[in-house]
Amino acid sequence: HLVLRGLEVHDVSGSLIKSEGGGNGIYCDCGGDHVKSRFDGLLIENCRLRHTDRNGVTMGGYWSRADWHPSLHVVIRGNLLEDIGGDGIVPIGCDGAVVEHNILRGGRQRCDDYAAGIWPWSCDNTTIQFNEVSGMKGTKDGQGFDSDWNCRNSLFQYNYSHNNDGGFMLICNDGSAKMPYSLGNIGTVVRYNISQNDGERTFQITGPCRDTLIYNNVFYTGKGLSPYAVQAGNWGGDWSDNTRLVNNIFYVTDKMTFDFGGMRHTVFQNNVFHGKFVHKPDDASNDIADPLFAAPGSGGDGLATLQGYRLKHGSPYTHSGERIENNGERDFGGRRVPAKASPTIGAWQAIGSQK
């Protein structure tokens, strides 16, 4: 029952090197060689962090499966992070952590190693929702969100990612790290998110990540951007297995490229690909017609600016998606998603303006 609320942390001149420990705006650690300790009821809420090096909010603890003793009931909520040197918010060694309603503007501003916006590391059952990440700098990662090493059942929903150099999302696992230290990356779910004008790649999927499900998201890129839709890698010598993408809309002004490398059992069903694509998946259930967004590309700062990604009346993709079990029950805007009928493709069930 530890609470950090309403703190203002600024101008922290810490190390910018992750391997040397880095520096942090807020850092919560627990340990014990003989008697293990952990956080139970840690709340970090409504804090403001400005110009902190290297990181914003991070944790320590028991991250190895060999001595697994995760922190419980960790909530990181309603915080504003601006001008962060490296990573934004990173829960570590937790079970059931919730990271929600946070805003990160400008991460990886000064570090030269790998950093992303909001991501769990060595965590189970993490929920990351209603967050906004923008302005991540560079392509050594540089994504808004990341499902990372030794994580199971990570859920990313109702988030907004925009103008991040590295792209929307990294999903990764080091194939050389085995038990008893790491179980790998298993069971990531990415649903009802919106990505606008993210850079290098919409998804980077590297290493032997397993059983990933990506559905009912919207990915929009405007003029001057030609990212990878999927860029595969074999971190640690292996590729992902069983990745499924369903009911998503890829809306491209210039072009997108798919590079699946050695990914195994990758399935695309009932997705929309509007624009020019290189090596596009050819499953017959996918389509290319204009989804008829109300105002594509009109998102600004804040989740409330994304009404333009509703579909207009007459869109061919209303109530035409594939049913998903355990679908979260609500869409990006809070409208109910039908459990026994075909949902609308994309992040919104509601229909937008004709204008």
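Colleague: Are tyrosine 158 and tyrosine 192 buried or exposed?
Modeller: The model is a predicted one. A residue counts as buried when its relative accessible area is under 20%. Tyrosine 192 has a relative accessibility of 1%. Tyrosine 158 and tyrosine 192 are both buried.

Colleague: How many aromatic pairs does the structure hold, and which kind do tyrosine 158 and tyrosine 192 form?
Modeller: The structure holds 26 aromatic pairs. The ring centres of tyrosine 158 and tyrosine 192 lie 5.7 Å apart, with 10 degrees between the planes. Planes under 30 degrees apart count as stacked, and the pair of tyrosine 158 and tyrosine 192 is accordingly described as stacked.

Colleague: Which parts of the chain does the pair of tyrosine 158 and tyrosine 192 tie together?
Modeller: The two parts are 34 residues apart in sequence. Tyrosine 158 lies in the loop between β16 (155-157) and β17 (160-162), and tyrosine 192 in the loop between β19 (189-191) and β20 (194-196), so the pair ties together these two loops.

Colleague: What kind of aromatic pair do tyrosine 192 and tyrosine 215 form?
Modeller: The pair links distant parts of the chain, with tyrosine 192 in the loop between β19 and β20 and tyrosine 215 in strand β22 (residues 210-215), 23 residues apart. Tyrosine 215 is buried, because its relative accessible area is 1%. The centres of tyrosine 192 and tyrosine 215 are 5.8 Å apart and their planes meet at 80 degrees, which makes the pair edge-to-face.

Colleague: Which residues line the largest cavity?
Modeller: There are two cavities of 30 Å³ or more in the structure, and the largest has a volume of about 40 Å³. Its lining divides into seven nonpolar residues, two polar and one charged. The lining residues are Tyr192, Asn216, Arg323, Ile324, Asn327, Val337, Pro338, Ala339, Ala341 and Pro343.

Colleague: Which strands each supply at least two residues to the lining of the second largest cavity?
Modeller: The second largest cavity holds about 30 Å³ of space. It is lined by Phe203, Ile205, Ile214, Val230, Thr243, Leu245, Phe260, Met263 and Thr266. Of these residues, seven are nonpolar, two are polar and none is charged. The strands that each supply at least two of them are β21 and β25 (241-246).

Colleague: Which residues does glutamine 231 contact, leaving aside its neighbours within four places in sequence?
Modeller: Glutamine 231 is found in strand β24 (residues 228-233). It is buried, because its relative accessible area is 17%, and the cut-off for a buried residue is under 20%. Leaving aside neighbours within four places in sequence, its contacts are Arg201, Phe203, Gln204, Ile205 and Asp259.

Colleague: Which phenylalanines do ring pairs link into a cluster?
Modeller: Phe203 and Phe260, which line the second largest cavity, are among the cluster members. The cluster is made up of Phe145, Phe156, Phe168, Phe203, Phe219, Phe250, Phe258, Phe260, Phe268, Phe273 and Phe277.

Colleague: Which residues lie nearest the centre of the largest pocket?
Modeller: The largest pocket contains about 720 Å³ of space and is lined by 32 residues. The elements giving two or more residues to this lining are β3 (24-28), β6 (55-59), β18 (167-172) and β21 (201-206). By type, the lining has 15 nonpolar, nine polar and eight charged residues. Nearest the centre of the pocket lie Lys18, Asp87, Ile92, Trp119 and Trp121.

Colleague: Over the ring of which residue does the charged end of lysine 140 sit?
Modeller: A charge is taken to sit over a ring only within 6 Å of the ring centre. The charged end of lysine 140 is 5.9 Å from the centre of the ring concerned, that of tyrosine 114.

Colleague: Over the face of which residue does arginine 65 lie?
Modeller: Arginine 65 is 3.9 Å from the ring centre in question. The residue beneath arginine 65 is tryptophan 68.

Colleague: Is threonine 52 buried or exposed?
Modeller: Threonine 52 is found in strand β5 (residues 48-53). Beyond four places in sequence, threonine 52 touches Val9, Val12, Gly25, Asp83, Ile84, Gly85 and Arg110. Because its relative accessibility is 0%, threonine 52 counts as buried.

Colleague: Is asparagine 326 buried or exposed?
Modeller: Asparagine 326 lies in the segment after β28 (272-278). Not counting residues up to four places away in sequence, asparagine 326 touches Arg191 and Tyr215. Because its relative accessibility is 70%, asparagine 326 counts as exposed.

Technical notes: Residues are numbered from 1 along each chain as its sequence is written. This is a predicted model: local features need pLDDT of at least 70, side-chain atom pairs count only at pLDDT 80 or more; totals for chains, interfaces and linings use all residues. Side-chain values use heavy atoms; hydrogens and water are left out. Helices (H or I, at least four residues) and strands (E, at least two) are DSSP runs, numbered from the N terminus. Buried means under 20% relative accessible area, exposed over 50%, partly exposed in between (1.4 Å probe, protein chains only). Contact means heavy atoms within 4.5 Å. On a 1 Å grid over the protein atoms alone, a cavity is a set of points where a 1.4 Å probe fits but cannot get out, and a pocket is an open set with protein on both sides within 12 Å along at least five of seven lines; lining residues have an atom within 4 Å of a point. Grid points are joined across faces, edges and corners, and a volume is the space filled by probe spheres set on the points. Ala, Val, Leu, Ile, Met, Phe, Trp, Tyr, Cys and Pro count as nonpolar, Asp, Glu, Lys and Arg as charged, and the others, Gly among them, as polar. Rings of Phe, Tyr and Trp (its six-membered ring) pair if their centres lie within 6.5 Å; planes under 30 degrees apart count as stacked, over 60 as edge-to-face and the rest as tilted. A charge sits over a ring if NZ of Lys or CZ of Arg is within 6 Å of the ring centre and within 35 degrees of the ring normal.
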